[in-house]
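Visitor: Could you take me through this protein slowly, and tell me at each step how you know what you say?
Guide: Gladly; let us look at the structure together and reason from its values.

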Amino acid sequence: MSRITRRTVLGAGLATAGTGLLAACSGSAPGHSSHGGGTPPTAGYLTPDSREIVAAEALRRPGPERKVKLTAVETPLDLGGGRTVRSWAYGDRLPGSEVRVTAGDTLALTLANSLPVPTSIHWHGLALRNDMDGVPGLTQRDIRAGASFDYRFAVTHPGTYWFHPHSGVQQDRGLYAPLIVEDPREPLAYDKEWVIVLDDWVDGVDGSTPDSVLAELGAGMGGMDHGASGGMEGHAMPGMQPADGRSPSPAPYGPSRMLMGARSELLGGDAGDVAYPYYLVNGRTAEDPETFTAAPGDRIRLRIINAGGDTAFRVALGGHRLTVTHTDGFPVEQAPAEALLLGMGERFDALVTAGDGVFPLTALAEGKGGAALAVLRTSGGAAPTASVRPKELSGTVVQAARLKAAESVRLAPRRPDRTIELGLTGSMGAYDWAINGQRYDPARRYPVRSGERVRLAFVNRTTMWHPMHLHGHTFALPDGGARKDTAIVLPGRRLDVDFDADNPGLWMVHCHNVYHAESGMMTVLGYRK
């Protein structure tokens, strides 16, 4: 197996004419335009091999090295309840084995690619060096089949994170795992920790794959549109999967997975595009759930990650109230909650004092009708069934937009030096999701400069919600709101978020609906030289 190292990439002469990795990487996005004549549009921007990236990493003062070896493989996965699927995963586990480090450590992870196609790893939520961000065609080359890649970077901020590929729709297979960064000066007191990874699952079920789902969605709805104003809300076309779960019509690549009629008031209307056959907590279906064991009175820290491709989850622990402590790795003013709403890519940390008995942790697929399940057991008793719906799901639902950042992590008051308007555009009819009407092109950058306070103005011109994710930084929600790297932008709404440009490089901004992103709702922020 050949190995690609950072030295190999940076020594390959890829920064010709200011284009950096873009000029020589395989795997650039389809439709990449060639710009003939004159100054290349990428000229004047830092590239992943610029000295500024090395200097920024040195300022992080990388500490002790934590070595990890990981292999991406094609493997059977047991989802429980007698259901085994063949998919792609890290090792033979779903989710992949947790990676746990301490803030200040240096993570040195080698990924061996035993898949039949190229892959990559993106470290979701981390402010890390740009050449380790894991975006083929922008920050690194693809890790081709049979090759390996050494990721090595300082991990500076504690919190709940995760990692997954940034290669096509691979994330919607089994290629994801939690990354927990412990705080060496942890201020919270608790007895146990429960890492909860939520997912919507289609791969390997009745012939379906995420690629076949994308192909079906990409064909559009024959002029029917639920992504722009005037959409066909609640109308199911032949071959589409209605939200009530009725049997779909067959298709050449398995049953139709196109979803119509899924509605959520919390999400502003349409809840999603894809009808998933299963919803999972820690890789298990609701028919055969994971059980977490504790003692009555134990104080448990929940670390909840939404690794789904197209599903928001409403999460509640039956018989309990939660105390929210963090979102996307950053502390918030603690807030009580009966339920939490997480868009794709979002994370919540919460504390709970365990009662005496057996309790369902239910993750309702928001607007879609299905649910995932896990069980908290502190004493004897019958386990809850897959159909259980705790009353807390209908109680106070906390969303990140309602939270305030803890004082220790609030951005200092400052007027933005630059405002970048990112219009979220497209429709389900044409499945032409984009930013400012332009599908992803890695050569198209929105400029920023080091030291600036930058405001991103997400303007949602569609009637679908979009969880927007910024690489390499965290932003602040308005009016002292939570520090985040992923935030829900409701249909027809504008969301202004601010961040400090303190991590040089080329950084993606995109919708974390994997099918919207892969269809074009991605762009790049580029630091100017």
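Guide: This is a predicted model, and I begin with its largest nonpolar core, which has 108 residues, those with the most contacts inside it being Trp123, Leu456 and Tyr515.

Visitor: Which residues does leucine 456 touch?

Guide: Leaving out residues up to four places away in sequence, leucine 456 touches Ile420, Leu422, Leu470, Leu495, Asp496, Val497, Phe499 and Leu525. Apart from the largest core lies another, of 16 residues, among them Leu77, Leu79, Tyr176 and Tyr278. As a general background, nonpolar side chains in soluble globular proteins tend to be buried together.

Visitor: What makes phenylalanine 149 and tyrosine 151 an aromatic pair, and why is the pair called tilted?

Guide: A pair of aromatic rings is described by the distance of the centres and the angle of the planes. Nine aromatic pairs are counted in this protein, and in the pair of phenylalanine 149 and tyrosine 151 the distance is 4.5 Å centre to centre, with 55 degrees between the planes. The centres have to lie within 6.5 Å for a pair, and the angle falls neither under 30 degrees, which would be stacked, nor over 60, which would be edge-to-face, so the pair counts as tilted.

Visitor: How do you know whether phenylalanine 149 is buried or exposed?

Guide: Phenylalanine 149 has a relative accessible area of 2%, and because buried means under 20%, phenylalanine 149 is buried. Tyrosine 151, with 1% relative accessibility, counts as buried by that cut-off.

Visitor: Why is the pair of tyrosine 431 and tryptophan 433 called edge-to-face?

Guide: The ring centres of tyrosine 431 and tryptophan 433 are 5.7 Å apart and their planes stand at 80 degrees; an angle over 60 counts as edge-to-face, and therefore the pair is given that name. Tyrosine 431 is buried at 2% relative accessibility, and tryptophan 433 is buried with a relative accessible area of 0%.

Visitor: Which residues do ring pairs link into a cluster?

Guide: The cluster consists of Tyr90, Trp123, Phe149, Tyr151, Phe153 and Phe163.

Visitor: What makes you say that lysine 192 lies over the face of phenylalanine 292?

Guide: Lysine 192 is 5.8 Å from the ring centre of phenylalanine 292, which satisfies the limit of within 6 Å, and the rule also asks that the charge be within 35 degrees of the ring normal. Lysine 484 lies over the face of phenylalanine 348, also at 5.8 Å from the ring centre.

Visitor: Where is asparagine 513, and what is it in contact with?

Guide: Asparagine 513 is in the loop between strand 35 (506–511) and helix 4 (514–519). Setting aside neighbours within four places in sequence, asparagine 513 is in contact with Asp273, Gly309, Asp310, Met344 and Pro467. With a relative accessible area of 3%, asparagine 513 is buried.

Visitor: Why is strand 22 described as largely enclosed by the rest of the structure?

Guide: Strand 22 (residues 347–353) has seven residues, and six of the seven are buried, so the strand is largely enclosed. Strand 17 (residues 299–306) runs antiparallel to strand 22 and is joined to it by seven bridges, with arginine 301 having leucine 351 as its bridge partner. Strand 19 (residues 322–327) is antiparallel to strand 22 as well, through four bridges, and there the bridge partner of histidine 326 is aspartate 349.

Visitor: What makes strand 28 and strand 33 the edge strands?

Guide: They belong to an open sheet of five strands in the order 28-36-35-30-33, with mixed pairing. Strand 28 (445–448) and strand 33 (486–489) each pair on one side only, and are the edge strands. The twist in this sheet averages 25 degrees from one strand to the next. Strand 30 (residues 466–470) is joined to strand 33 by four bridges in an antiparallel arrangement, with histidine 466 opposite valine 489.

Visitor: Which residues of helix 3 are buried, and what do they pack against?

Guide: In helix 3 (residues 210–218) the buried residues are Pro210, Ser212, Val213, Leu214, Glu216 and Leu217, and they pack against helix 4. Glycine 220, with a positive phi near 75 degrees, follows helix 3.

Visitor: How many helices and strands does the protein come to?

Guide: Its secondary structure comes to four helices and 36 strands, and of its 529 residues 61% count as buried.

Notes: Residues are numbered from 1 along each chain as its sequence is written. This is a predicted model: local features need pLDDT of at least 70, side-chain atom pairs count only at pLDDT 80 or more; totals for chains, interfaces and linings use all residues. Side-chain values use heavy atoms; hydrogens and water are left out. A nonpolar core is a set of buried Ala, Val, Leu, Ile, Met, Phe, Trp, Tyr and Cys residues joined through side-chain atoms within 4.5 Å. Buried means under 20% relative accessible area, exposed over 50%, partly exposed in between (1.4 Å probe, protein chains only). Contact means heavy atoms within 4.5 Å. Rings of Phe, Tyr and Trp (its six-membered ring) pair if their centres lie within 6.5 Å; planes under 30 degrees apart count as stacked, over 60 as edge-to-face and the rest as tilted. Helices (H or I, at least four residues) and strands (E, at least two) are DSSP runs, numbered from the N terminus. Two strands pair if DSSP finds at least two bridges between them. Axes are lines fitted to C-alpha atoms, for helices over the stretch in contact, and angles run from 0 to 180 degrees between N-to-C directions.
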